[in-house]
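These are my notebook entries on a structure I was asked to examine. I set down what I looked up, entry by entry.

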Number of protein chains: 2
Amino acid sequence: MEARANGEGSTPLYLRVRDQLANQIEAGLLAANTRLPSERVLAESHGTTRVTTRLALAQLEAEGRIYRSNRRGWFVSPPRLVYNPTQDYSFSDNVTSQGRTPATETLEVTTTEVAPWLANKTGLAVGDAIVRLRRRRQVDGRPVLVENIYLNPKRLPGIEQYDFNRSLWKLLREKFSVELQGKRIEMFPTALVDPQAEALGVNAGTAGLYVTRRSHDADGVFVEFDEEFWLHDTLSIQVEVQ
Amino acid sequence: MEARANGEGSTPLYLRVRDQLANQIEAGLLAANTRLPSERVLAESHGTTRVTTRLALAQLEAEGRIYRSNRRGWFVSPPRLVYNPTQDYSFSDNVTSQGRTPATETLEVTTTEVAPWLANKTGLAVGDAIVRLRRRRQVDGRPVLVENIYLNPKRLPGIEQYDFNRSLWKLLREKFSVELQGKRIEMFPTALVDPQAEALGVNAGTAGLYVTRRSHDADGVFVEFDEEFWLHDTLSIQVEVQ
DNA sequence: TCGCCAAACTGGTCTATACCAGATGAGCGA
DNA sequence: TCGCTCATCTGGTATAGACCAGTTTGGCGA
């Protein structure tokens, strides 16, 4: 707050490094998905060490301005994807309409029994049969989320035989005449830990947004429960009501 | 993935420290709002240095399990507050109904002109008069958010004279007969930077959730635009549709 | 008894260095 | 030309210190 003898002012060094990099990004000198200079180079060019430089980079990462790709380097984050979790929607259509390129990979399809925590979320009974679908979704080649989807096989018989690399919503509508009617959405920011972090190719502890969604059909029958794990810098939630 | 000669396994040391602390929290050995041992003590008791210990603490912080109070120590995070941004609601009532104690402080009330970015969000014209209200809100004595509220003085004449330490929604309803009708909500995880970080008493770069809300009345007239800056570990968003 | 002050303690910032592990690319050999 | 190997690059993890700047607390003095 007060003036210091130190000509640099009282701002910590790592925040000054942060500011310089942020300015370069904002000025357009560093375009989206551009690689930053390596930590060693940045450290030397700012007259400091890697430890301090990494503090500055971690700040920018927390703000969602840059992201890291394991042992490959730091990159400038592209704009956030606008996402409305209350709508039935096709990820693919949504991404495409924003001028980006989507991709979906099905990681796993299994039939298991409802665990207690899931019973609590879905209203099903513990031990009921449930179809579990695990997918990873990318935007412009970067994985941005993994999701676990739990489908009610009573309402959706034979669902496990279909191709899940397309829009699930369209599948439900066309093959099972499901019009999703009510949704209960919960979400909070947290760090991504291991099965999810690994699937997204990021370090455990990377900031994320956890989104869950429970949907039922027009008759009030439970249809599906979603768990989505997003990288925190990749999305902006948008909801409209009434 | 493969077995190592190292008896500790291949997990990095800071993640093993993290796990030990997380287990103690989950086992209930460390209750909500309890202070953890100091970094120096933790470092010694785990046979490592402060740098590594701080990595472990930063992980737990990112997950929302612990939080820091500037130069006072690390504390166990209490449960997240459940919050529905689509509802007209009283913060005070909401917090109280979850068995917690709320507090609100009005930091600033000013009348200014609509800036371009705000015009873009509200639909007002650049240069129009607008009332700006800045508040800080606490739960159990911990500040959890700061908010900037922009109120339309055309729809709410004399609004700047009221007491803002109570529910704004009730004020609008009782004094101006406003029934908020439509809302457009946007939110994304990001780091809290300086005016907000300082108001909340946290370091710049602390993880947060940025929430904006635009409301109009039954006639479609713009009433208010909110910007809320939450600490990321303090809330869980819950939305219900149709 | 009360209030103030100083010591002790806390996290915050920073240097300097080391080695590990995955990603990459140049160049060699078939 | 194609495929593989290996040196070199990257970030990831870790040690061992140092000093700074707020917070807390215990004890002293009025």
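Entry 1, surface near DNA strand C. I began with the elements that line this strand: helix 3 of chain A gives the largest share of the surface near DNA strand C, namely three residues. I note at the outset that the model is predicted. In total, I find 23 residues around DNA strand C, and the closest are A:Leu13, A:Thr48, A:Arg72, B:Arg40 and B:Arg71. Sorting the surface by class, I obtain 11 charged, seven polar and five nonpolar residues.

Entry 2, which part of DNA strand C faces the protein. I took the atoms of DNA strand C within 4 Å of the protein and found that 66% of them belong to sugar or phosphate, with the rest belonging to bases.

Entry 3, polar contacts to DNA strand C. I looked up the side chains that approach phosphate oxygens of this strand. For A:Thr49, a polar side-chain atom lies 3.4 Å from a phosphate oxygen of DNA strand C. For A:Arg72, the corresponding distance to a phosphate oxygen of DNA strand C is 2.9 Å. From chain B, the side chain of B:Arg54 places an N or O atom 2.7 Å from a phosphate oxygen of DNA strand C. I then listed the elements that give two or more residues to this surface: in chain A they are helix 1 (13-26) and helix 3 (50-63), and in chain B they are helix 2 (39-45), helix 3 (50-62) and strand 2 (73-76).

Entry 4, DNA strand D. I repeated the search here and found 22 surrounding residues, of which the closest are A:Arg40, A:Arg71, B:Leu13, B:Thr48 and B:Arg72. Of the atoms of DNA strand D that come within 4 Å of the protein, sugar and phosphate account for 66%. By class, I count 11 charged, six polar and five nonpolar residues in the surface near DNA strand D. Helix 3 of chain B gives the most to this surface, with three residues.

Entry 5, polar contacts to DNA strand D. I recorded two approaches to base nitrogens of this strand: an N or O atom in the side chain of A:Arg50 is 2.9 Å from one, and B:Arg71 has a side-chain N or O atom 3.2 Å from a base nitrogen. For the backbone, I recorded A:Arg54, whose side chain has an N or O atom 2.7 Å from a phosphate oxygen of DNA strand D.

Entry 6, relation of the two protein chains. I superposed the copies: a turn of 180° with a shift of 0.0 Å along the axis lays chain A on chain B with an RMSD of 0.0 Å. I recognise this as the relation of a two-fold axis. In chain A, the C-alpha nearest the axis belongs to A:Pro189, at 3.3 Å. Since 100% of the interface residues of chain A are also interface residues in chain B, the copies meet through the same surface.

Entry 7, domains of chain A. I noted a division into domain 1 (13-76) and domain 2 (81-237). Their centres, taken over C-alpha atoms, are separated by 33 Å. Seven residues of domain 1 and five residues of domain 2 take part in the contact. Between them, the two domains of chain A bury about 500 Å², with 41% of this on carbon and sulfur atoms. On the domain 1 side, I find that A:Gly64, A:Tyr67 and A:Asn70 lose the most area to domain 2, together 60% of what that side buries.

Conventions: Residues are numbered from 1 along each chain as its sequence is written. Chains are lettered from A and ligands numbered from 1 in the order in which they are written. This is a predicted model: local features need pLDDT of at least 70, side-chain atom pairs count only at pLDDT 80 or more; totals for chains, interfaces and linings use all residues. Side-chain values use heavy atoms; hydrogens and water are left out. Copies are superposed by least squares on the C-alpha atoms of residues with pLDDT of at least 70 in both. Contact means heavy atoms within 4.5 Å. A residue is near a molecule or strand if one of its heavy atoms lies within 4 Å of it. A polar contact is a pair of N or O atoms within 3.5 Å; within protein, one must be able to donate a hydrogen and the other to accept it, and residues adjacent in sequence count only if both atoms are side-chain atoms. Helices (H or I, at least four residues) and strands (E, at least two) are DSSP runs, numbered from the N terminus. Ala, Val, Leu, Ile, Met, Phe, Trp, Tyr, Cys and Pro count as nonpolar, Asp, Glu, Lys and Arg as charged, and the others, Gly among them, as polar. Domain bounds come from an automatic or database domain assignment. Buried area is the accessible area (1.4 Å probe) that two parts lose on being put together, summed over both.
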